[in-house]
Each structure stands twice: as structure tokens, then as C-alpha cells.
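Let's take a friendly walk through a protein model. Have the sequence and the 3D view ready, and turn the model around as you read.

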Amino acid sequence: LEEKYDKVCEFCKKHKSKIHYMIYGILVTAYLAVVIAACSLNFQRALPLFITTVLAIFVICWDFLTAKYGERIAAFFSPGKRYLEKQWFWLKWVLHAAFIITIICWLIFDTAKQGSRHLISFGGLVMYVLLMFIFSKYPNRVAWRPVFSGIGIQFILGLLLLRTKVGFDVFNWLGIQIKTFLEYSDTGAKFVFGEKYTNHFFAFKVLPIVVFFSTVMSMLYHVGFMQWLIGKVGWIMQIFMGTTPVESLVAAGNIFVGQTESPLLIRPYLPYITKSELHAVMTAGFSTIAGSVLGAYISFGVSASHLLTASVMSAPASLAMSKLFWPETEKPTVTLRTGLQMAKGESKNLLEAASQGASASILLVANIAVNLISFLALLAFLDSALSWVGSLFDYPQLNFENICAYVFMPFSFMMGVDWEDSFIVGGLLGYKTFFNEFVAYERLSKLIHIREKGGSMYINGVKQYMTVRSEVIATYALCGFANFASLGLVIGGLTSIAPSKKKEIAGGAFRAMIAGTVACFMTACVAGMLTVPGLEVPCHVLLGNAFNSTDFPDNSTELVECCQQFFT
């Protein structure tokens, strides 16, 4: 038996690769058989599975062809590349002129159709670019390609995701799937905290989502999916924007992970990056949010599709604003043609990766909980103190939100928020900047819930909730880690990874926070330009009010739209 066992082991070692290919072939064949069977039974029901499979096959084939025939493909296209390089001097001006003319024509036709409110958002976008240029570290050294490319990519992404039916439906479907997926954390929360766990909504409903998402992300890192996805997104930004591999990779990573985790992807290269690249790394962290807290905001009641869109759109905007606010003045040393070698996870198997992800979330959950306790307590004390000071001058309504509202009101209005709502959005921006985005989104979710109930918009002259358009713009403007609490987190986290860059990190962190804030504001401007007004009151409330009224109202656009939705 031992001799036969040894022979079998020897045979397996000798034909190891062939056996692997056979197993993979059997598994792939079985999977394709399942897909075909599902599609033949009900194609509409199996459409998401079919699209995912087609995309996966395309990507695998693309990777295989580039790995095996990359040099031949490059040689085939090299004549065209040389021709473009020769003609690039005049061609770039033609492309710029065509882009500007297209934008102007689009604005004219869109304004004629949707109204003039979108022009304010466009004016805000131009204003933020000009402000960043005026206060740039080296205004005469600005390379405009990353700036205009970043804004262009942001606008095209917004156009695809907010204006085209396919893009909107895809991200809306993704948002629903993520929301459904995150609800599986309720099973664990219910087992640990009991049947009435939702009575303590934030502690036992929201925070377990962070644990669950962290576990899933750790598993995806172990199998190599996240590294692959981040690498592809970073490569696209590097090609179109002309940014270096380091900053492109970190900006792509920040779409999915947090501002302290994404620099770990390029940990070996951090001591060798330039000041401008370091500024870009920090800006990318400030202008996006982590996937783990994304789930928490969705559980508040904030739109999942808009949060996903904001995370994607802010990545190119962060690089554009970073390169405008701190232009490159040195020669980058890390310029690998083949791409960077990303750091891999330390786990040995999938179960260990899941356990490590859950354990790693303990610190994050504790940080969120203690920060909220301290910030909300501090805010209550500050409001009480300000109210006392205000009462001395017959203005007891004075509080922190009012002060922030007056400071940020012009900025929120220039994003395209209605003038009546700009005061409320200004207050939310103040909470986000001086405390954190958790507090701001918690306040925004309350306003959304009040609107959905369909109560009075004004009580004693005070506005109780905002329009849907203002809510959407606020969702995009708040979607980033740019606040003073994160400032210390970034300085501490990056200094521990790259101690030799301590001085540069401390010197550029505040500028990076401003650049990250403006990147979020620009994403909100693009959303303001592209958002199509929807129903301000939910259909069930609108129709309920209509049928319960003694005098049945005349048919309005809103009533007709509601009836069509219910009929569909």
C-alpha cells in the first residue's frame, strides 16, 4: 500500500500542472452548464448571472492575451502611437476645443430642457477650480492634463451613471444587491444581541455591518480579487490622466478601502515618492470613504446607488485637485512600466482571512463608537454654551450648526443646492468638517425620513426637510473623510509606515484635507449638473393625501407619474 501510495504521489507531482488544468476545466464546464441551464429556464431572471459571466470571460481573455502577446500587441500599435506623438501638438488643442464646445452645447440644450439650476452647479465647478489654482503651491508649474482629464472622467462617469438609463439601472441594481447583502449581518447580530437588537439601532444594527463588510473585504484580499480590481482601475486612471503608478493605485484603492489601508498597497515605495505624490496619496484618502463604513451609511437610509456613484466619481477628482493644489516639481523615481507589485495579505487560508478581517474591525468599530460618543457629547455642550452666549444678545437659537451654516452656505449654494436648503446643507458640511461624516450622515438621514413621511415642510417658519435634489447633492458633498479627526489619523498612520517622510506628511496633510474637501464639492457640482428632479413626496403619501381629500385635486404630473409607477 505504501509503495502504491508513493507511486500515486510521484505521478501527481510529475503531472501537477495537467491535473490542475483538468480540475479547473471540470469546474468551469460545470459552471457554464449551470449558467446555460439557468438562462434556458428564465433568461430575464438569470440576466445578472449571464452579464457577470460574460464580463469575467472577457477579463480573463484580456489578461491572458496581454500576458502572452503583450509585446506583439504593443509593436502592432506602435506606428499609430508614433504618429499621434508627432501630431499631438495641434491634436491636443483640437481635442480641448471639441470638449469645450461639446460642454457648452450640452449646457445650452440641457438648460433649455431642465431649467437654469444646473448652470449654478457648473459655475460652482469652475469656481472651485479657479480657487484651487489661485491658492496652488506652485501655480506656474501646474500640469493641466491630469486636472482636465480628471474632471472629464468625473463628468463622463456622472453622465453614464446618472443620465443614461443603463448606467442608472446598473448602479441602482448594484445598490439594491449591496443593501440586501449587508442585511445578512442581521443574522449574527440577532444571535449575539437577541431578538430586540434593533431597539439599539446604531450599536447592534449599524456596527455589525462594519464587522461583516470587513470580513468580506479580507477574504477578497486573500483570494487576490481586490488587488486585481484596484490594479485595473489604477491602470485606467494612469493611462487617461497621466498620473504616476503610485498615486493612481492609491486613488483606485480608496474607492474600496479606507485612507489608512490604501497606502499599505504601495508600502515598499512610500519612502521614495515625491512630495506631490505624497500629497496625492493623502488627498485620495480624504476625498473618498471606505467600503466598510459605506454599509453603515446605507443602513441609515441614505441612497446606496448615490453613495456608490460618489465613491467612484471622487477618485479621479481627488487626483485632479491634488495635481492642481500641489503640482509636481520633482522627477518621480517610481515609474514602473509593468506596474507596481502590490502588498499581499498575510493569511494562509480563507478561514484565517475571514477571522483576521473580523478581528481587524474591532479597532474600527471601537473608534467609530467612541468618536461618536465624544463628538455628540461635545456638540451638545458647545450648543448649550453658544445658546447661553446668544441669549445674552436676545438670540438663544445660536448653535454650532447655525455658525457652520453661515460659513458653508455660499459653498453649498454654488454646488446647486436650492437657496432655501443651502443653510441646512451648510450645517451638514460643518458637522462633516469639524466632527466627522458619520454625524453628518446621521443628521441627513433624519431629514430624509421626515421628508418621506410627508409632513409639513415649514413649522413656525423653520424648514423641516429639503428637496430630493438638495439631498442628492448633500450625499455627494459629504462622501469623504476630509475632517479634522481624520487629519490626525492620516498623519499618524502614514508616519508609522514611512518614518523618513514624517516632515513632508505633517507639512502637506492640511493642504491635502482642503484638496479632498474640494474634490467632494466638485463631485457634488457634477451631481447637481446631472441630477434630474424626481418626486419630492413618496407616491403612497401623495396618493393617500389625494384620495383622502374632500375635493379631489386636478391631475398633476406627480400624480400621473405615481399612477404609472404603481401600474408598472
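## Getting your bearings

Before anything else, a word on labels: helices here are DSSP runs of H or I with at least four residues, and they are numbered from the N terminus. Keep in mind as well that this is a predicted model.

With that in hand, try finding a loop. The stretch between α14 (350–391) and α15 (400–414) is a loop, and D394 sits in it.

## An unusual loop residue

What is the phi of D394, which is not a glycine? The angle is positive, at about 60 degrees. Most residues other than glycine have a negative phi. So that makes D394 worth a click. As for its surroundings, D394 is exposed, since its relative accessible area is 71%, and exposed here stands for anything over 50%.

## Two annotated stretches

UniProt, in an unreviewed entry, marks residues 124–195 as "domain: Concentrative nucleoside transporter N-terminal". Color that stretch and you'll see plenty of helix: the chain there is 81% helix and 0% strand. The C-alpha atoms at its two ends are 49 Å apart.

A second label, also from an unreviewed UniProt entry, is "domain: Nucleoside transporter/FeoB GTPase Gate", and it covers residues 203–301. Here the chain is 70% helix and 0% strand. The end C-alpha atoms of this stretch are 16 Å apart.

## Into the core

Now look inside. The largest nonpolar core has 120 residues. Which residues touch the most other members of this core? They are M282, M321, M415 and Y441. Among helices, α20 (residues 502–530) gives the most to this core, with 15 residues.

Pick M415 and see who is around. Setting aside residues up to four places away in sequence, M415 touches S121, Y128, L429, I473, A477, F521, A524, C525 and G528.

## A hidden hole

How many cavities of 30 Å³ or more does the count give? The count comes to one. About 40 Å³ of space lies in the largest cavity. Its lining is made of L161, L162, F168, F171, N172, S305, H306, T309 and Y476.

Three helices each supply at least two residues of that lining: α5 (144–163), α6 (165–182) and α13 (304–325). By type, the lining residues divide into five nonpolar, four polar and no charged.

## Two buried residues on one helix

Helix α8 (residues 201–223) is the place to find S214, and Y221 is in helix α8 too. Is S214 buried or exposed? S214 is buried, because its relative accessible area is 16% and the cut-off for buried is under 20%. Y221 counts as buried as well, with 19% relative accessibility.

Next, check their contacts, leaving aside neighbours within four places in sequence. S214 is in contact with G357 and S361, while Y221 is in contact with M226, Q227, I230, V257 and L265.

## Out toward the solvent-accessible side chains

Helix α17 (residues 437–453) holds K453. K453 is exposed, with a relative accessible area of 69%. Then there is G492, in helix α19 (residues 484–497). G492 is partly exposed, with a relative accessible area of 41%.

## Sequence versus space

Finally, play with distances, all taken from C-alpha to C-alpha. G492 and I505 are 13 residues apart in sequence and 9.2 Å apart in space. Y221 and S347 are 126 residues apart in sequence, with 9.5 Å between them in space.

Try two other pairs. S214 and L489 are 275 residues apart along the chain and 19 Å apart in space. For K453 and R72, the separation is 381 residues in sequence and 62 Å in space.

Note on methods
Residues are numbered from 1 along each chain as its sequence is written. This is a predicted model: local features need pLDDT of at least 70, side-chain atom pairs count only at pLDDT 80 or more; totals for chains, interfaces and linings use all residues. Side-chain values use heavy atoms; hydrogens and water are left out. On a 1 Å grid over the protein atoms alone, a cavity is a set of points where a 1.4 Å probe fits but cannot get out, and a pocket is an open set with protein on both sides within 12 Å along at least five of seven lines; lining residues have an atom within 4 Å of a point. Grid points are joined across faces, edges and corners, and a volume is the space filled by probe spheres set on the points. Ala, Val, Leu, Ile, Met, Phe, Trp, Tyr, Cys and Pro count as nonpolar, Asp, Glu, Lys and Arg as charged, and the others, Gly among them, as polar. A nonpolar core is a set of buried Ala, Val, Leu, Ile, Met, Phe, Trp, Tyr and Cys residues joined through side-chain atoms within 4.5 Å. Buried means under 20% relative accessible area, exposed over 50%, partly exposed in between (1.4 Å probe, protein chains only). Contact means heavy atoms within 4.5 Å. UniProt positions are given in the numbering used here, feature names are shortened, and annotations may be inferred rather than shown by experiment.
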